[in-house]
Amino acid sequence: MEIVLDGVSKVINGETHLNSITLQLTSGATNVILGHTLAGKTSLLRLMAGLDRPTKGRIFLDGRDVTGLFVRKRSVAMVYQQFINYPSMTVYDNIASPLKMSGLPSADIDRKVRAAAATLHIDRLLDRMPAELSGGQQQRTAIARSLVKDTELLLLDEPLVNLDYKLREELQAELQDIFRARKAIVVYTTTEPSEALMLGGNLVVMDEGRILQTGPTSSVYHHPSTTRVAQVVSDPPINFLPGVVAGGKARLGRDIDIAMTGHLSAVPDGEYAFGVRPNHLFLHAQGAGNVEISVKVELAEINGSETFIHVSHGDLHLVLQEDGIHPRYIGSNITVYANPGCFFVYEKPGRLLASPFGAG
Amino acid sequence: MNKWENNRAWLLTVPVLVIVAFSSIIPLMTVVNYSVQDIFGPGQSLFVGTEMYKNVLRDARLHEALWRQFLFSGLVLLIEIPLGIALALAMPKKGWGVSFSLVVMALPLLIPWNTIGSIWIIFVRPDIGLFGAFVNNVLGIGFDHTARPLDAWITTLLMEIWHWTPLVALLAYAGLRAIPEVYYQAAKIDGASPWATFRYIQLPKMRGVLTIAVLLRFMDSFLIYAEPFVLTGGGPGNSTTFLSIYLVKLALGQFDLGTAGAFSLIYFLIIEILCFVFYQVLKNVGKGTGT
């Protein structure tokens, strides 16, 4: 199955929410839409679901034009960021609700509800009311509700964003298996690159109502086509250093010199933006050819089992991502190591010229 | 428990205690004091124990007023709550219509009680009243709230509904507006009908505000005084003599302070108990099987 969006735009009150989106999503692999808040992810899902009509463009489901088809006539299920369940119904009735509307025999309903509940490990909570459940259990109920009916489209709009870290990891792992077992076209939106990488499949990078890049997730991660894509697919955001290449060497900032070897050797002389991901900057030398940058610590954030260290070198600001907890004193001087083999190089307007992962 | 030692924070509650004492506890105790005495005049009174309570409970006219009051409050709730919800559902959700309808709805709430009575006296007058003259002369139906008990009831009910349904509507509207848009989306995707959306999303989500609306409207209608007093003075006959009108007749008209005091306390208890029952029932509605 496939859903095709052909030049779809959505304008509300003169404000462009989606700008001529052309996209093809298929079943069989999880489609992840990655973008910052207000990138247009939810607007896009609403169009696919049929909750909104596009201002321009057409939507096709398996070749059928469904652009004007009302949501009730479509075969779609959706999970939201908020935990949406019917407040006065038990978990059982909540999961059964989409089936009841379609008038299935009650024996079939019972079998399907119990199967969906078992998949999400809420089979012991079927008699509870949503208000008596934890956030994770409420979202499990909502997900079970979306799975109970075999819909053509399964849309998940940042479903795990309101859950705590531990629950999120748990559900991410479970969802991968659930998606694999479905025939539906699965579309999943998130703001977090790590979540997109974990779910794998195909990645659609969105920003300001436009699609910046699409492709298999690992390919987009390894070849972010523009500086903006590189920023969106990296959290904390990728570091950019202005650099001038001349005669097989590059000078980054004012005084950091690197040799243009390996994947960098093909870059012609000129001015570029050099990108390096925070997890490719190190506190210890990683081998020969590392660039040493002496920096001053501005801030050290401890994020779960990682530490983000914000440092400055003259007027350059860099962020390092280190495994483990590394308390650093603000204002102390340390040395940071970077491997030129991990640098992305972008032309000044932002087009990718060299990736450490070879030609895209 | 050490940290509670020498804690003077409770002093901060003193202002509240003083205000509550003067606003409710002391006046209530004064009434209790009246209710156990037979008072002939200033400084002349006789302790009679529970005599007044016995009188009150045996008073046939009071029983009539009580049933009349229950009927009135019951009708008020049965009409105002569904009507208020219907109005809230019909009110616009965005644009200039929102503020317009809010202002229009709130207008009756801003008018003083006795003015409401005066407005309606004129409104239903058979000779010059817009409503009264229309019904009598155009429709040809004899309508006179001063002569017929049924007409007096209809007028009082209409007045009460006109005055207070907007409050229910505004509360219900606030409850509706608090429902996130995604609930409606989810219902649409499920293929739920408008009725199912109302029954399973809007109504349960409005439970809190509707509980408040029911309690407020019950208490207020049970205490109704100024409007029927101005409109009919409790007549014709005793047909619109509600509890508080009868109470004032006893206390001021007949200077029967002891009986009126006992009556007030019983009145107070009835309201207290009914509100408690309503609250408990409404709190648990929809928590059962909920199918």
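Author: Helices (H or I, at least four residues) and strands (E, at least two) are DSSP runs numbered from the N terminus, and Pro236(A) is found in the loop between two such elements of chain A, helix H8 (227–232) and strand E11 (239–246). This is a predicted model, in which local features need pLDDT of at least 70 and side-chain atom pairs count only at pLDDT 80 or more, while totals for chains, interfaces and linings use all residues. Residues are numbered from 1 along each chain as its sequence is written, chains are lettered from A and ligands numbered from 1 in the order in which they are written, and side-chain values use heavy atoms, with hydrogens and water left out.

Reader: What confidence does the predictor give the complex, and where in chain B is confidence lowest and highest?

Author: For the complex, the predictor gives an ipTM of 0.74 and a pTM of 0.77. Residue by residue, the quantity to read is pLDDT, the predictor's confidence on a scale from 0 to 100; chain B averages 85, with 96% of the residues scoring at least 70. Within chain B, the lowest mean, 77, belongs to strand E1 (residues 37–41), and the highest, 92, to helix H3 (residues 60–90).

Reader: How many helices and strands are there in chain A, and what share of its residues count as buried?

Author: Chain A has 8 helices and 21 strands, and its C-alpha atoms fill a box of roughly 75 × 45 × 35 Å along the principal axes. Burial is read from relative accessible area (buried under 20%, exposed over 50%, partly exposed in between, with a 1.4 Å probe and protein chains only); by that scale 51% of the 360 residues of chain A are buried. A contact means heavy atoms within 4.5 Å, and among the contacts in chain A between residues at least 6 apart in sequence, 65% join residues at least 24 apart.

Reader: Which backbone angles should I inspect at Pro236(A), Asn13(A) and Glu208(A)?

Author: The general idea is that most residues other than glycine have a negative phi, and most peptide bonds are trans. In this model, the bond that joins Asp235(A) and Pro236(A) is a cis peptide, with omega about 0°. Asn13(A), in the loop between strand E1 (2–12) and strand E2 (15–26) of chain A, has a positive phi near 50°, and at 78% relative accessibility Asn13(A) counts as exposed. Glu208(A), in the loop between strand E9 (202–207) and strand E10 (210–216) of chain A, likewise has a positive phi, of about 50°, although it is not a glycine, and Glu208(A) is exposed at 65%.

Reader: Are Gln176(A) and Gln185(B) buried or exposed, and which residues do they touch?

Author: Gln176(A), in helix H5 (residues 165–180) of chain A, counts as buried because its relative accessible area is 19%; setting aside residues up to four places away in sequence, Gln176(A) touches Met198(A) and Leu199(A). Gln185(B), in helix H8 of chain B, is buried with a relative accessible area of 7%, and with the same sequence neighbours left out, Gln185(B) touches Arg46(A), Leu51(A), Met78(A) and Tyr80(A).

Reader: Which residues of helix H9 in chain B are buried, and what covers them?

Author: An α-helix has 3.6 residues a turn, so residues three or four places apart point the same way. In H9 (residues 194–205) of chain B, the buried residues are Ala196(B), Thr197(B), Phe198(B), Tyr200(B), Ile201(B), Gln202(B) and Pro204(B). Their cover includes H3, helix H7 (149–177), H8 and helix H10 (207–222) of chain B.

Reader: How many cavities are there, and which residues lie closest to the centre of the largest?

Author: A cavity is a set of points, on a 1 Å grid over the protein atoms alone, where a 1.4 Å probe fits but cannot get out, and its lining residues have an atom within 4 Å of a point; grid points are joined across faces, edges and corners, and a volume is the space filled by probe spheres set on the points. By this rule there are 3 cavities of 30 Å³ or more. The largest holds about 150 Å³, and of its 15 lining residues, the closest to its centre are Ala77(A), Met78(A), Ser146(A), Ile189(B) and Asp190(B). Strand E6 (76–79) and helix H4 (135–147) of chain A, together with helix H8 (181–190) of chain B, each supply at least two residues of this lining, and E6(A) gives the most, with 4 residues.

Reader: How do the linings of the largest and second largest cavities divide by residue class?

Author: In the classes used here, Ala, Val, Leu, Ile, Met, Phe, Trp, Tyr, Cys and Pro count as nonpolar, Asp, Glu, Lys and Arg as charged, and the others, Gly among them, as polar. The largest cavity is lined by 10 nonpolar, 2 polar and 3 charged residues. The second largest cavity, of about 40 Å³, has 2 nonpolar, 2 polar and 4 charged residues in its lining, which includes Glu158(A), Arg168(A), Glu192(A) and Glu195(A).

Key. 1 Å grid on protein atoms, 1.4 Å probe; cavity = no way out; pocket = protein on both sides within 12 Å on 5 of 7 lines; lining within 4 Å.
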